Amino acid sequence: MTIQEKPPEPHDAPLPQTAGARAEEAGAVLDVDLTALRANYDILCRRALPVDTAAVVKADGYGLGLEPIVQALLKAGCKVFFVADLGEARRARAVAPDADVYVLGGPPPGTGPAFAELRVRPVLSSLIMLAEWDRFVADSGWDGGAALQIDTGINRLGLTIDEAVALTPRIQLQKHGITLVMSHFACAETANHPANDKQIRAFRDLRVLFRGITASLANSSGIFLGDGALCDLVRPGAALYGVNPTPASHNPMRPVVTLRAPVLQVRDLARGDQVGYGATWTAAKASRIAVIGVGYADGYHRFGSSADGKTGAHVLIDGTRCPLAGRISMDLMAIDVTGLPERAVQRGTYVTLIGDKLTVDDVAKTWGTIGYEVLTSLGGRYHRRYYES
Ligand SMILES: *Cc1c(COP(=O)(O)O)cnc(C)c1O
């Protein structure tokens, strides 16, 4: 039996949308389960109720493809989206003509007209940004609104708390132009981190000053920190795509991504033969190696390389865990399949790099990173299928 496992074909749904390379020409197939994505949105909505749930779709929908992700989330009832920059805002607007779209990076100097043309809102994170935006609004008469980001401890983007407090008289004005006040957690994935409570309390004080304006604090993990973090709107990203928002315990989210690659070649090695650049892996006994057409140029990080079969990444073949052998190359990697029967691994056998029992968080650990980076690294050369399960 050769294992030609193919992802489930959709039943009563339209044919899957595809993107990227052609199926028969690609080194690997990336499947995105839009049903699971929407189920994850529902799980987060339920947890956040009665508070509204937006979706963060920056970085090309966390690497999964901005357009199909936005379309699926619209179907799930999402009405507010956050993107990183104007380019992403343009793409989101093209598929979501009526949604609220916020641009987290704010407006680069001189881009006010583009925001107005797209009817999207900047997230203003400094007094300089606010002043530039105010000037554009005064000159153009554009009244589409903007978010104000206030830093409560991550020290990334945002007005200082003192700067925000000094702005409160402006909020008393009729046309203050602020549609959202937001802040961002630094340590939400560590539930008992003392920074969380500090940020929740600081933001609560700010909400009192900015009464009447929608307030948002929680990212994915923040939604699991209790009611104090929820405010009026939550902003999950990673959890929508299956990353565990509560790393210390069971993942409440459904997996969304599967990545599979067909074996290009199987080779037999004698004891002492070595594999890959730098000859870092040596066969301790007669071994079999399967080679697939995925490498670091596909965003499969070289940090996953394995010199000893214990550290480094692994893949699944018919549910069996198989370690990588040697360094990951640009377009290829080798897998030690010595433990599997010969008939189980042949040219064309599909290897699972992400999926089944191998989660994005598992892969991240073997690379020394987080699930977010596994997703946003997903390569542009894969054949991509978006399907309903
Ligand atoms: C990326 C981001 C989010 C989403 O964070 P996740 O941890 O992916 O849920 C929310 N808010 C801001 C400001 C962000 O930059």
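**Figure 1. Surroundings of Ser125.** Leaving aside neighbours within four places in sequence, Ser125 is in contact with Gln149, Leu157, Gly158 and Leu159. The model shown here and in the other views is predicted. Ser125 is found in the loop that lies between β7 (121–124) and α6 (127–140). One of the contacts is polar: the side chain of Ser125 and the side chain of Gln149 are 3.2 Å apart. Ser125 has a relative accessible area of 4%, so Ser125 is classed as buried, the limit for that class being under 20%.

**Figure 2. The ligand and the residues around it.** The shell around the ligand holds 14 residues, and Lys58, Tyr62, Ser220, Gly237 and Tyr372 come nearest. By type, the residues of this shell divide into 7 nonpolar, 4 polar and 3 charged. Oxygen atoms of the ligand lie close to polar atoms of the protein, as the following distances show. From a polar side-chain atom of Lys58 to an oxygen atom of the ligand the distance is 2.7 Å. For Gly237 the polar atom belongs to the backbone, and an oxygen atom of the ligand is 2.8 Å from that atom. An N or O atom in the side chain of Arg156 is 3.2 Å from an oxygen atom of the ligand. On its own the ligand has 390 Å² of accessible area, and the protein covers 94% of this.

**Figure 3. The hairpin of β16 and β17.** Strand β16 (residues 314–317) pairs with strand β17 (residues 320–323) over 4 bridges, in the antiparallel sense. Two of the pairings can be followed by residue: Val315 stands opposite Cys322, and Ile317 stands opposite Thr320. In a regular strand, side chains alternate between the two faces of the sheet. In β16, His314 and Leu316 are on one side, while Val315 and Ile317 are on the other. These four residues are all buried, and both faces of β16 are covered. The hairpin has 2 residues between its strands.

**Figure 4. Asp318 in the turn of the hairpin.** Asp318 lies in the loop between β16 and β17. Most residues other than glycine have a negative phi. Asp318 is not a glycine, yet its phi is positive, about 50°. The relative accessibility of Asp318 is 47%, so this residue counts as partly exposed.

**Figure 5. Strand β12 and its partners.** Strand β12 (residues 257–269) pairs in the antiparallel sense with strand β2 (residues 29–33), and 4 bridges join them. Strand β19 (residues 350–354) is also an antiparallel partner of β12, over 4 bridges. Between β12 and strand β15 (residues 287–292) there are 6 bridges, and these strands run antiparallel too. Leu259 of β12 is the bridge partner of Leu30, and Leu259 also stands opposite Ile354 in β19. Elsewhere in β12, Gln265 has Val291 of β15 as its bridge partner.

**Figure 6. Helix α3 and the glycine that follows.** Helix α3 spans residues 66–75, and its buried residues include Leu66, Pro68 and Ile69. Val70, Ala72 and Leu73 of α3 are buried as well. After α3 comes Gly77, which has a positive phi near 105°.

**Figure 7. A cis peptide bond at Pro50.** Most peptide bonds are trans. The bond from Leu49 to Pro50 is cis, and its omega is near 5°. Pro50 is located in the loop between α1 (34–48) and β3 (52–53).

**Figure 8. Cys231, a non-glycine residue with positive phi.** Cys231 has a phi of about 55°, a positive value, although Cys231 is not a glycine. The loop that holds Cys231 is between β10 (214–216) and β11 (233–234). Its relative accessibility is 10%, so Cys231 counts as buried.

**Figure 9. Gln172, an exposed loop residue.** Gln172 is placed in the loop between α7 (161–171) and β9 (178–182). Gln172 counts as exposed because its relative accessibility is 62%, where exposed means over 50%. A polar atom in the side chain of Gln172 lies 3.5 Å from the backbone oxygen of Thr168. Measuring from C-alpha to C-alpha in the model, Gln172 and Arg327 are 61 Å apart in space, and in sequence they are 155 residues apart.

Key. Residues numbered from 1 in each chain as written. Predicted model: local features only at pLDDT ≥ 70, side-chain atom pairs only at ≥ 80, totals over all residues. Heavy atoms only, no water. Near = heavy atom within 4 Å. Polar contact = N/O pair within 3.5 Å; in protein donor to acceptor, adjacent residues only side chain to side chain. Areas by Shrake-Rupley, 256 points an atom, 1.4 Å probe, with all protein chains shown as cover. Nonpolar A, V, L, I, M, F, W, Y, C, P; charged D, E, K, R; others polar. Buried < 20%, exposed > 50% of the residue type's maximum accessible area, 1.4 Å probe, protein only. Pairing = 2+ DSSP bridges. Contact = heavy atoms within 4.5 Å.
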